[in-house]
2 protein chains.
Amino acid sequence: MFNKDLILQLLENRDGRALLTFWRGRNAVDIAALLESVDDAARQAAVFRTLPKDLAADVFSYLPGPTQARLARSFADGELQLLFDALHLDDAADFLEELPANLVTRVLQTASPQRRMAVNALLSYPSGSAGSVMTPEFVSLRPEDTVRQALDTIRRTGIHKETIYTCYVLDCRRLLGTVSAKDLLTAAEDAAVRDLMTADVISVGTLTDREAAARLLAKYDLLALPVLDGEARMVGIVTVDDAIDVLTEETTEDLSIMAAVTPDEKPYFAASAWEHARHRILWLLILMLSATITGSIITRYEDAISAVPLLVAFLPMLMDTGGNCGSQSATLVIRGLALDEIQPRDVIRVVRKEFAVSLIVSAALAAANGLRIFLQYHDAAIALVISLSLVATVILSKLVGCVLPIAARQLRMDPAIMASPLITTIVDAGAVLIYFQAATAFLPLSV
Amino acid sequence: MFNKDLILQLLENRDGRALLTFWRGRNAVDIAALLESVDDAARQAAVFRTLPKDLAADVFSYLPGPTQARLARSFADGELQLLFDALHLDDAADFLEELPANLVTRVLQTASPQRRMAVNALLSYPSGSAGSVMTPEFVSLRPEDTVRQALDTIRRTGIHKETIYTCYVLDCRRLLGTVSAKDLLTAAEDAAVRDLMTADVISVGTLTDREAAARLLAKYDLLALPVLDGEARMVGIVTVDDAIDVLTEETTEDLSIMAAVTPDEKPYFAASAWEHARHRILWLLILMLSATITGSIITRYEDAISAVPLLVAFLPMLMDTGGNCGSQSATLVIRGLALDEIQPRDVIRVVRKEFAVSLIVSAALAAANGLRIFLQYHDAAIALVISLSLVATVILSKLVGCVLPIAARQLRMDPAIMASPLITTIVDAGAVLIYFQAATAFLPLSV
């Protein structure tokens, strides 16, 4: 990293030459972080203006949406057009997506008609689709091209570095195969691309889920994944760096949902306390009101509680163990579904495995706890009731925990919803019911 | 995907030519999946032997460890040596790591001394380090090389595709800068590499955490990240495909830990019920016994419970809400720490934010629940006690939930331990204590 104060000092001194020297060779990610750390909007714009043209677009693409919008507002039409034209198409689309409507109009008015069309096409794909994260910029070759022509094509294209290393062989926009830059570099100059290409190409459709596309790219160790439209014409590629971002975002989203938080793209500190509260209250309310079902089950056993108040002392242990067992199973199944290790059709296999696991686990827990209770209270009947309730609770929890995420996937809902909080609430009611039924059956509870 | 039965049929017919034609152009990932689906070990080996030599090593590297070991056992020394020499060095090291000791000796005896040294060096890096996931195979150039010489070097190297696109300019093994294959392709043939290279290079040490290395690669959109040893000499690169695998594995590991499951590298179905049980019992036992603390707090209030058994009915709601609030905060902080959005030094900022959030959230929950209880039971005192307890529980849970993960990171433990299960258990005791204290203070509980 480098010194913000030094930059601001150079800016103060209007030392344009020193600034240019300073920027050369620095990478865009760090410069964007530096810009972001400049508090004053006017100063931020002034620093941005000192960037060399080729670097400016790159840096801009790494800035968060709100900063992009603020900068854009301070630019004259000419500046805005230069910047917009220098952005890669996918970054240009991302930029527009974050912009208020009046600025979108201003930006698109200054853009060339071709560019406007290309960006609009990108913006038309539904969010969460492969189309929405692809870039239409890729190297396309004809099957009859020679290696020399192919290398010339690569040299001429001014696009992303990572997108030139896989070239796509197209015939009337249909994808015939791929050739890597390495294949081209190591082949004879007059060989035909047709003879070098790999025909077994992994591809996705524009409407494929973006996470599925990213996982496919990861599975096959690709640098880019071709995207085809409804008529099997190649319209773009998803690059590996964007795929990593997709996987990271989807993981964060899943983790939030699994903790009963409405997902938010903003980093932790970027969201205000109000926003955080808004994303957490709804699920807490739903879960809180669901928990009252467990409460009303308990009220049915008030007599038993009055007779043996000690019964209540084991409730937290039973409920917590049930919740923990359920969320263990739910988490493993949710992850298995996300990684495609578990398919919905595997439901019987999963249930069988979880049932076997719950027998082993519950036996161990019941033995440990039964022994502890017997030693502490010298009451075999209570020890037995607790142990039996524990076994039934663990089995119930593991089954509920493994079935609900699969059911959610089957119903085209996000399996992550069926995680710890909801499972715990559901399992609590079952644990309480099992426990008090066992207690009233086996213990002398008349007052 | 393609037909397993067809392959087995061709094998039966000893139709080697048809098999070879069949394999050509198929990708290694799918062939590995096909091999893995062949149940019979002898048949598996027979199918593997029909693969063309160049493809065989690639396919082998995509097979799971146990399958690799089984195949290796069925090979003669000569076969084993051919295979081992054809593997990329990082794949060779991964292969050895999964092998029983007697097979390791056999493999290393057949390998060339140079290869043995290189693989041993890789195996000596601690697991979880950047050194353990890097490959020592990369393209190195001298600063005085011309572009023509550099392109020749690329052509000569027979290594991974993704590793030739960034070339490293070294002087006595010190890293001076990087040049991309694209820079070389677009530059004049007699230009010097020194004048093209980027000197501002992102790198890590061999002992850097592998997840930190992968996140760095993702942050800077790199295809490979150079790894330096303790004396700042470049010893390898972490490639983007390995970085994605690292991030996926680390996420799975975090999710397991957050659900109180000891992490296991095996996919869900690959682990037996016993293994699953073993990975879940320890934490369940610890948490179960911790929950008895909450139980013993409850026994202190047996008189209150006998007097007003209805009190018990609100326990599940209070405990669940506390657990949910705590795990919301804990999950967001754990993810923030993993993504470097939150640093341990931010602890005061986090506490302030969570405190503000908990005031808003608890006010809403207490209002909703107080009203419900008042309407249901027409008892203002109970409604007030519950609402006050709820406010205090939410505040306590959010603070415990946000502080513990940061404390864990500070103590060099994995913050993921401080997730829902442990937080719930801790918060339960607090919730019960707060609730019964409020009840005994505000309600007429004498029998």
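What rotation superposes chain A on chain B? Keep that question in mind as we look at this predicted model in several close-up views.

**View 1. Two chains related by a rotation.** Two copies of a chain are related by a rotation about an axis and a shift along it. Here a rotation of 180 degrees, with 0.0 Å of shift along its axis, lays chain A on chain B with an RMSD of 0.1 Å. That is the relation of a two-fold axis. To find the axis from chain A, look for A:Ser306: its C-alpha is the one of chain A nearest the axis, 2.3 Å from it.

**View 2. The surface that chain A and chain B share.** Let us turn to the interface. On chain A, 111 residues are in contact with 111 residues of chain B. Because 100% of the interface residues of chain A are also interface residues in chain B, the copies meet through the same surface. The size of an interface is often given as the accessible area lost when the parts come together. For chain A and chain B the buried area is about 9800 Å², and 70% of it lies on carbon and sulfur atoms. Three residues are good ones to pick out: A:Leu185, A:Tyr268 and A:Phe269 supply 8% of the area that chain A buries against chain B, more than any other three residues.

**View 3. Polar pairs and salt bridges across the interface.** How many salt bridges are there between chain A and chain B? The count is two. One to look for joins A:Glu354 to B:Arg280, where the closest N and O atoms are 2.9 Å apart. Polar contacts also cross the interface of chain A and chain B, in 33 residue pairs. Helix α17 (residues 273-299) of chain A gives the largest share of the side of chain A that touches chain B, with 17 residues. By residue class, that side of chain A holds 60 nonpolar, 28 polar and 23 charged residues.

**View 4. B:Thr292 in its helix.** Now for a single residue. B:Thr292 belongs to helix α17 (residues 273-299) of chain B. Which residues does B:Thr292 touch, if its neighbours within four places in sequence are left aside? They are A:Met317 and A:Arg372. Within chain B, 137 residues in sequence separate B:Thr292 from B:Ala429, yet their C-alpha atoms are 9.2 Å apart in space.

**View 5. The three-stranded sheet of chain B.** This open sheet runs in the order β1-β2-β3, with mixed pairing. At its edges stand β1 (140-141) and β3 (174-180) of chain B, each with a single partner strand, so one side of each has no neighbour in the sheet. Strand β2 (residues 166-171) of chain B pairs with β1(B) in the parallel sense over two bridges, and B:Leu141 stands opposite B:Val169. With β3(B), the pairing of β2(B) is antiparallel, over six bridges. There, B:Thr166 has B:Ser180 as its bridge partner. The hairpin of β2(B) and β3(B) has two residues between the strands, and in it B:Cys172 takes a positive phi near 50 degrees.

**View 6. The three-stranded sheet of chain A.** Chain A has an open sheet in the order β1-β2-β3, also with mixed pairing. Its edge strands, β1 (140-141) and β3 (174-180) of chain A, each pair on one side only. Between strand β2 (residues 166-171) of chain A and β3(A) there are six bridges, in the antiparallel sense. To see this pairing residue by residue, start at A:Tyr168, which stands opposite A:Thr178 in β3(A).

Definitions and conventions:
Residues are numbered from 1 along each chain as its sequence is written. Chains are lettered from A and ligands numbered from 1 in the order in which they are written. This is a predicted model: local features need pLDDT of at least 70, side-chain atom pairs count only at pLDDT 80 or more; totals for chains, interfaces and linings use all residues. Side-chain values use heavy atoms; hydrogens and water are left out. Contact means heavy atoms within 4.5 Å. Buried area is the accessible area (1.4 Å probe) that two parts lose on being put together, summed over both. A salt bridge is a side-chain nitrogen of Lys or Arg within 4 Å of a carboxyl oxygen of Asp or Glu. A polar contact is a pair of N or O atoms within 3.5 Å; within protein, one must be able to donate a hydrogen and the other to accept it, and residues adjacent in sequence count only if both atoms are side-chain atoms. Helices (H or I, at least four residues) and strands (E, at least two) are DSSP runs, numbered from the N terminus. Ala, Val, Leu, Ile, Met, Phe, Trp, Tyr, Cys and Pro count as nonpolar, Asp, Glu, Lys and Arg as charged, and the others, Gly among them, as polar. Copies are superposed by least squares on the C-alpha atoms of residues with pLDDT of at least 70 in both. Two strands pair if DSSP finds at least two bridges between them.
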